[in-house]
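Me: Got a minute to go through this one with me? I'll paste it below.

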Amino acid sequence: MTGRMPIPPPAYTSSEPTPMTWPLTLLSTGFALFLLALIFRPLEMAFPANPGQKLFRKAWRMDLAFFLGQYLFFNGLVLAAAFVVIGWFYPYLPQAFLASVQSQPWWLQAIEVIVIGDFFVYWGHRLQHNNKLLWRFHRVHHSAEHLDWLAAHREHPIDTIYTLLLTNIPVIILGFPMATLAGVVAFRSIWAVYIHSNVRLPIGPLRWFIGAPELHHWHHDRNQHAGNYANLSPMMDILFGTYTCPNHEPEAFGIEEQTSDNYVGQLLVDPFRREQSSQVNDDFS
Ligand SMILES: [Zn+2]
Ligand SMILES: [Zn+2]
C-alpha cells in the first residue's frame with residue numbers, strides 16, 4: 001500500500017466517466033502525468049537515490065498501465081465506493097460532537113486528521129504484510145523492482161480502496177469537515193508519489209516528523225518485514241518499533257514470489273494465486 005489517495009477525477013460522483021466526461025477525463029489524466037513528470041523527474045535527476053536508473057527502466061510500461069488504469073477508470077470507482085460507505089455512517093453521527101470538532105482551527109484539524117489517519121494506515125498496512133489474503137493484493141505494489149514516481153502507481157485497486165477507507169472513515173466518523181479532509185488527501189497523494197521517487201534528499205531534523213523516500217525505499221526492501229509502514233510521518237513506526245533507516249539504499253527491491261510481467265496478470269491473476277510468501281506468518285505481529 002502506498003497510502004496514495006486518488007486525486008478526484010472530474011466526475012467523481014459517478015462510478016465511471018460517462019461519454020460526456022471522457023474527453024475531460026483523458027485531458028486531466030494527461031495533465032496529471034505531465035505535471036507529475038515535471039515535478040519529480042528533475043528531482044530524480046538532481047538528487048538520485050540510484051544514479052544509474054533510467055526513466056525508461058524495466059517494467060515502466062506496466063507502471064504506466066497502472067497509472068492510466070487508476071486515472072481513467074479506478075479512481076472513479078474507488079471514490080464512488082468511499083462515498084457509499086460515508087453515506088452509511090453519516091446519519092448516525094452525533095451533531096454536537098461534530099460541531100465541536102469543526103469549531104477547532106484548521107491547522108489543528110489538519111494535524112489531527114494526519115495523526116489519526118496515520119495510526120489507522122500504520123496498523124492496516126502492517127496487517128497487510130502479515131495476513132495472507134491482504135498480502136495477495138498488497139504484493140502487487142511490492143512487486144516493483146525499480147522505484148520512481150511512476151512505480152508509485154503500481155497498486156491493486158482493492159489495495160487502494162482498503163487504504164482510502166482506513167485513512168478516511170475514522171476521521172469522517174469523528175466529524176472532520178470535507179475541506180480539511182480534501183486538503184490532507186491531496187497532500188497525502190503527492191507525498192505518496194514523492195516517497196517512491198528515485199530521490200535521496202536529506203531533510204535534516206525534519207525527517208523525525210515527515211517520511212522521506214529513504215524510509216519508504218526501505219519498506220520496499222525484499223525483506224517483507226523491513227518496517228516503515230506509515231507513509232506520511234515516521235512517528236508511528238518510531239512509536240511501535242518498526243522504524244528503519246540505514247544510511248544507504250536497500251540492495252534490491254521487490255518480492256520473492258513469482259509475479260506476472262503484465263498489467264492484466266497483476267490485476268486479475270496474481271492476487272488470486274494460492275502461492276504464498278514464505279515471509280507471511282499470518283499473525284498480526
Ligand atoms: Zn507495504
Ligand atoms: Zn510503496
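Me: By how many degrees does H2 bend, and where?
Reply: This is a predicted model, and in it H2 (residues 60-89) bends by about 55 degrees at Phe74.

Me: OK. And which residues of H2 are buried?
Reply: Phe74 is one of them. Before it in the helix come Met62, Asp63, Phe66, Phe67, Gln70 and Tyr71, and after it Asn75, Gly76, Val78, Leu79 and Ala82.

Me: What covers those buried residues of H2?
Reply: The cover includes helix H1 (22-46), helix H6 (157-173) and helix H10 (263-269).

Me: Switching topic: at what angle do H4 and H7 pack?
Reply: About 60 degrees, with the axes of H4 (residues 106-128) and H7 (residues 178-196) 10 Å apart. Oblique angles include those over 35 but under 65 degrees, so H4 and H7 are oblique to each other.

Me: Is that crossing left-handed or right-handed?
Reply: Right-handed, for H4 and H7.

Me: Which residues meet there?
Reply: From H4 you have Trp106, Gln109, Ala110, Val113, Ile114 and Gly117, and they meet Thr180, Leu181, Gly183 and Val184 of H7. By type, the residues of that contact are six nonpolar and four polar, with no charged ones.

Me: Zooming out, how many helices and strands are there in the chain?
Reply: Ten helices and zero strands.

Me: And what percentage of the residues count as buried?
Reply: 35% of the 285 residues in the protein chain.

Me: What about contacts between residues at least 6 apart in sequence?
Reply: Of those, 74% join residues at least 24 apart.

Key
Residues are numbered from 1 along each chain as its sequence is written. Chains are lettered from A and ligands numbered from 1 in the order in which they are written. This is a predicted model: local features need pLDDT of at least 70, side-chain atom pairs count only at pLDDT 80 or more; totals for chains, interfaces and linings use all residues. Axes are lines fitted to C-alpha atoms, for helices over the stretch in contact, and angles run from 0 to 180 degrees between N-to-C directions. Helices (H or I, at least four residues) and strands (E, at least two) are DSSP runs, numbered from the N terminus. Angles under 35 degrees count as roughly parallel, over 145 as roughly antiparallel, 65 to 115 as roughly perpendicular and the rest as oblique. A crossing is left-handed if the near helix is turned anticlockwise from the far one by less than a right angle, and right-handed if clockwise. Two residues are in contact if their C-beta atoms, placed from the backbone, lie within 7 Å. Ala, Val, Leu, Ile, Met, Phe, Trp, Tyr, Cys and Pro count as nonpolar, Asp, Glu, Lys and Arg as charged, and the others, Gly among them, as polar. The bend at a residue is the angle between axes fitted to the seven residues ending there and the seven starting there. A residue is buried if 20 or more other C-beta atoms lie within 10 Å of its own, exposed if 12 or fewer, and partly exposed in between; C-beta atoms are placed from the backbone.
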